[in-house]
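Good morning, and thank you for making time on the agenda. I should like to take you through one model, beginning with a buried residue and working outwards.

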Amino acid sequence: DLASRYEARAVILHSPLASGLRVACPDTKKTWCFDVFPSIEKIAHVQAPTLIIHGTEDEVIDFSAGLQLYERCPKPVDPLWVEGAGHNDIELYAVYLDRLKSFLEKDLANK
């Protein structure tokens, strides 16, 4: 939310949800005024390099949410889709820390 309203140097979205309503009702395609987490609408206003990280087997926030945000992100960097990772174990994969380090040292250095 903050990065959609204020200038940020960078943004990392870890297992993000597209919207609160879409988590509760996965077939929802429209953003409603009562959705308290409309990330899918706010991402278009984020003007900072954005890294999206999501596990492909996330059992809490469906992997498709990360893909949707990535597709709408104005300044995405290469995302990290962690094969086999769920919602609560993604940090246990070595590639997770490797990608964070690369984002900070390489992606942001080039911006």
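A residue counts as buried here when its relative accessible area is under 20%, and as exposed when that area is over 50%. Please bear in mind throughout that this is a predicted model.

With that cut-off, consider isoleucine 90, which has a relative accessible area of 0% and is therefore buried. The residue sits in the loop between S3 and H5. Which residues surround isoleucine 90, once its neighbours within four places in sequence are left aside? The contacts are His14, Ser15, Ile53, His54, Gly55, Val82, Ala85 and Tyr96.

Two of these partners deserve a closer look. Let me take serine 15 to begin with. Serine 15 and isoleucine 90 are 75 residues apart along the chain, yet their C-alpha atoms are separated by 8.8 Å. Serine 15 belongs to the loop between S1 and helix H2, residues 20-24. At a relative accessible area of 6%, serine 15 is buried too. Its backbone merits a remark: phi is near 50°, a positive value in a residue other than glycine. Most residues other than glycine have a negative phi.

The other partner is histidine 54, in strand S2. Its relative accessibility is 0%, so histidine 54 counts as buried. Beyond residues up to four places away in sequence, histidine 54 touches a list of residues that includes Ser15, Pro16, Phe63, Gly66, Trp81, Val82 and Ile90. Histidine 14 lies 40 residues from histidine 54 in sequence, while the C-alpha atoms of the two are 6.2 Å apart.

I turn now to the helices. H5 runs over residues 94-107, and its 14 residues, at 1.5 Å a residue, should span 20 Å; the end C-alpha atoms are 19 Å apart, which agrees. Which residues of H5 are buried? They are Tyr96, Arg99, Leu100, Phe103 and Asp107. Viewed down the axis of H5, these buried residues fall within an arc of 100°, so they line one face of the helix. An α-helix has 3.6 residues a turn, so residues three or four places apart point the same way. The buried residues of H5 pack against strands S1 (11-14), S2 (50-55) and S3 (80-82). On the face turned away from the buried side, H5 carries the exposed residues Ala94, Leu97, Asp98 and Lys106.

In helix H4, residues 63-72, the buried residues are Phe63, Ala65, Gly66 and Leu69. Around the axis they cover an arc of only 160°, which puts them on the same side of H4. H3, S2 and S3 are among the elements that cover them.

Finally, a word on open space. The second largest pocket has a volume of about 240 Å³. Its lining comprises 15 residues, and those nearest its centre are Asp1, Leu13, Ser39, Lys42 and Ile43. Helix H1 (2-5), S1 and helix H3 (39-42) each supply at least two lining residues. By character, the lining divides into 11 nonpolar, two polar and two charged residues.

One residue of H1 closes my account, namely serine 4. Is serine 4 buried or exposed? With a relative accessible area of 18%, serine 4 is buried. Apart from its neighbours within four places in sequence, serine 4 is in contact with Lys42, His45 and Val46. Thank you; I welcome your questions.

How values were computed: Residues numbered from 1 in each chain as written. Predicted model: local features only at pLDDT ≥ 70, side-chain atom pairs only at ≥ 80, totals over all residues. Heavy atoms only, no water. Helix = DSSP H or I, 4+ residues; strand = E, 2+ residues; numbered from the N terminus. Expected span 1.5 Å × (residues − 1). Buried < 20%, exposed > 50% of the residue type's maximum accessible area, 1.4 Å probe, protein only. Arc of directions from axis to C-beta. Contact = heavy atoms within 4.5 Å. 1 Å grid on protein atoms, 1.4 Å probe; cavity = no way out; pocket = protein on both sides within 12 Å on 5 of 7 lines; lining within 4 Å. Points joined across faces, edges and corners; volume = space filled by probe spheres on them. Nonpolar A, V, L, I, M, F, W, Y, C, P; charged D, E, K, R; others polar.
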